[in-house]
Amino acid sequence: MSNLYPYLKKYKKHLVLGPIFKLLEAIFELIVPYVMAQLIDVGLNGRDKIYILKMGGVLVLLAAVGLAAALFCQYVASRCSQGFGTELRNVLFYHINTLSMSNSDEYGVSSMVTRFNSDINQVQLGVAMLIRLAIRAPFLVIGATVSAIILKPSMCWIFLVAAPLVALALWLIMSKTLPVYTKNQKKLDKITSIAREDLNGMRVVRAFTEQEREQKRFEYSTQDYAKSVIAIGRISALLNPLSFLIINLAIVALLYFGANKINTGSLTQGELVAFINYMTQISLALVVLANVMVLFSKSYASAKRVSELLATQSAVKDQAQEDISAIEGAPAISFKEVSFKYGDGSPALKNLSVDIQKGETVGIIGGTGSGKSTLVNLLPRFYDVSQGAIEIDGVDIKKYPLRQLRGKIGLVPQQAVLFSGTIRSNMKWRKEDASDEEIISALKIAQAYDFVSQKSDGIDSQVQQKGKNFSGGQRQRLSIARALVGNPEILILDDSMSALDFATDLALRKALNEQLPEETTKIIISQRATSIKNADKIIVLDKGDAVGIGKHEALLKDCDIYREIFESQQKTAKELTENAEVKDED
């Protein structure tokens with residue numbers, strides 16, 4: 001967890017001043033029993049009103065100064081813990097964004113969200129308690145014991161017996177509960193994961209009327225988490241009764257042996273009251289210390305999880321610093337014996353070799369799980385190839401700075417993702433200083449300008465979270481327009497026209513061919529053979545293998561899989577047309 005310490009360095013003064021003022025409060029608290037003893041023995045027994053008022057004033061002064069010290073410590077602890085938590089969140093968010101997709105797959109979004117929120121909150125609380133109570137409680141226990149020994153050594157054996165017994169109870173309970181806290185956070189990850197799945201897939205759940213099943217699945221996870229927390233709570237709940245039992249027995253022993261000593265004159269009434277006060281202070285401090293240890297156990301488990309995520313190195317290394325110049329005359333993209341697999345699974349791509357020239361339109365088609373999206377995810381280095389190499393403009397993509405590499409590519413993913421803000425703010429993701437003319441041009445090419453221009457605010461119209469105020473087809477067209485702003489050298493459409501009707505699809509493909517710069521290389525993944533049949537080159541994938549590369553006519557002759565896909569889609573289209581004609585006749 002050493003990688004968390006640097007974020008506390010900024011608050012060194014807080015980490016020193018806070019405990020110092022808390023120690024001052026504890027010192028004043030330790031003086032109180034002695035003052036009380038003097039007030040009883042001298043003031044009350046001697047019926048000295050002036051002395052009583054004097055000692056009463058001292059008690060009030062001690063309380064006021066102690067309160068001021070405690071308030072200052074509270075302020076310092078809040079500043080330190082909240083500042084530390086804020087900085088840690090910012091750093092963790094930045095770090096998460098540097099991780100590769102394989103790292104994200106390893107942890108899962110739900111786990112990262114839990115670490116980002118719940119775990120950091122717990123670590124924040126631990127820092128605050130470290131300043132406020134971690135030093136005060138042990139100091140009170142030791143200080144009260146030492147004060148009692150100084151006051152009357154013959155009675156200190158009771159303290160020396162009680163304190164270790166409470167410490168033993170604390171250790172036994174902590175040894176049982178500490179290992180469970182990490183498991184609980186993992187169970188919380190699972191609850192977050194289920195909630196996230198169901199909220200994102202709410203329409204699917206309702207469409208299949210599976211609300212009851214999902215409710216049971218969620219309840220099972222929450223009940224499992226609750227049982228675990230309750231089990232820890234039951235063990236932890238023993239701490240206070242055990243501590244108070246031991247301390248109360250110690251107070252009984254003090255009263256018993258103290259009364260005999262008072263009768264013999266070797267102990268005064270005030271000293272006995274002071275002893276009881278010190279024992280009470282010890283008991284309260286030990287209970288606080290026990291609760292702090294429970295809290296520290298949770299914070300430690302959370303800190304380990306945050307530290308683990310911070311220590312994770314991206315599987316994709318961005319080592320290049322300076323921009324790389326293209327090699328003149330080289331292909332725009334070159335796949336050289338490229339293979340890739342996710343984790344320890346079977347290969348998603350196998351020995352793919354193909355050159356794509358500048359300005360070419362390349363279609364990629366294949367069945368589900370054939371490796372189409374995997375292929376294009378390798379280009380911007382969301383993942384690194386397992387074997388082989390990919391070159392852009394004759395240079396291995398690993399030699400490019402990620403900023404330059406991804407700046408060459410305009411990617412439209414399968415799932416259209418828009419961010420809350422305005423259409424204008426979404427359009428400026430590739431190019432921050434894009435002009436209105438550039439944005440409007442991209443919207444027109446993407447066949448999105450018609451519905452955007454009909455809105456009262458035009459490109460300044462609001463976009464709700466995930467673009468929920470737009471239809472699926474509108475979101476896809478806006479996503480395509482966003483990728484077009486800034487004229488990327490390589491445009492990748494990852495099955496991003498699936499929600500478009502045939503007329504819009506045709507108009508979009510025509511605009512891409514006619515209005516984009518000639519040197520723009522276009523890669524189109526599609527389930528529709530008709531959408532890519534005019535491409536300069538078509539790559540047919542099947543279970544990770546490139547079973548066919550060529551033009552439409554050649555593939556119809558030589559590639560059985562492509563021919564099957566094309567003919568089945570033609571047959572389906574023909575049947576739909578015939579059914580529509582029959583309905584018209586009826």
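This is a short tour of a few helices in a predicted model.

**Stop one: helix H4.** Select residues 109-132, which make up H4. With 24 residues at 1.5 Å each, the helix should span 34 Å, and its end C-alpha atoms do sit 34 Å apart, so the two agree. Now click on Arg-115, where H4 bends by about 35°.

**Stop two: H5 against H10.** Next, show residues 136-151 (H5) together with residues 269-311 (H10). Their axes are 8 Å apart and meet at an angle of about 160°, which makes the pair roughly antiparallel. The crossing here is left-handed. To see the contact, put side chains on the H5 residues, including Pro-138, Leu-140, Val-141, Ala-144 and Leu-151, and on H10 partners, among them Phe-275, Tyr-278, Ile-282, Ala-285 and Leu-289. Colour the contact by class and you should get 15 nonpolar residues, three polar and one charged.

**Stop three: H1 against H5.** Keep H5 on screen and add H1, residues 12-44. These two pack at about 30°, with 10 Å between their axes, so they count as roughly parallel. This time the crossing is right-handed. On H1, pick out Lys-22, Leu-23, Glu-25, Ala-26, Ile-27, Glu-29 and Leu-30; they meet Arg-136, Phe-139, Leu-140, Gly-143 and Ala-144 of H5. How does this contact divide by class? It has seven nonpolar, one polar and four charged residues.

**Last click.** Select Leu-140 and Ala-144 in H5: both belong to the contact with H10, and both also turn up in the contact with H1.

Note on methods
Residues numbered from 1 in each chain as written. Predicted model: local features only at pLDDT ≥ 70, side-chain atom pairs only at ≥ 80, totals over all residues. Heavy atoms only, no water. Axes fitted to C-alpha atoms, helices over the stretch in contact; angles between N-to-C directions. Helix = DSSP H or I, 4+ residues; strand = E, 2+ residues; numbered from the N terminus. Parallel < 35°, antiparallel > 145°, perpendicular 65-115°, else oblique. Left-handed = near helix turned anticlockwise from the far one by under 90°. Contact = heavy atoms within 4.5 Å. Nonpolar A, V, L, I, M, F, W, Y, C, P; charged D, E, K, R; others polar. Expected span 1.5 Å × (residues − 1). Bend = angle between axes of the 7 residues up to and from the residue.
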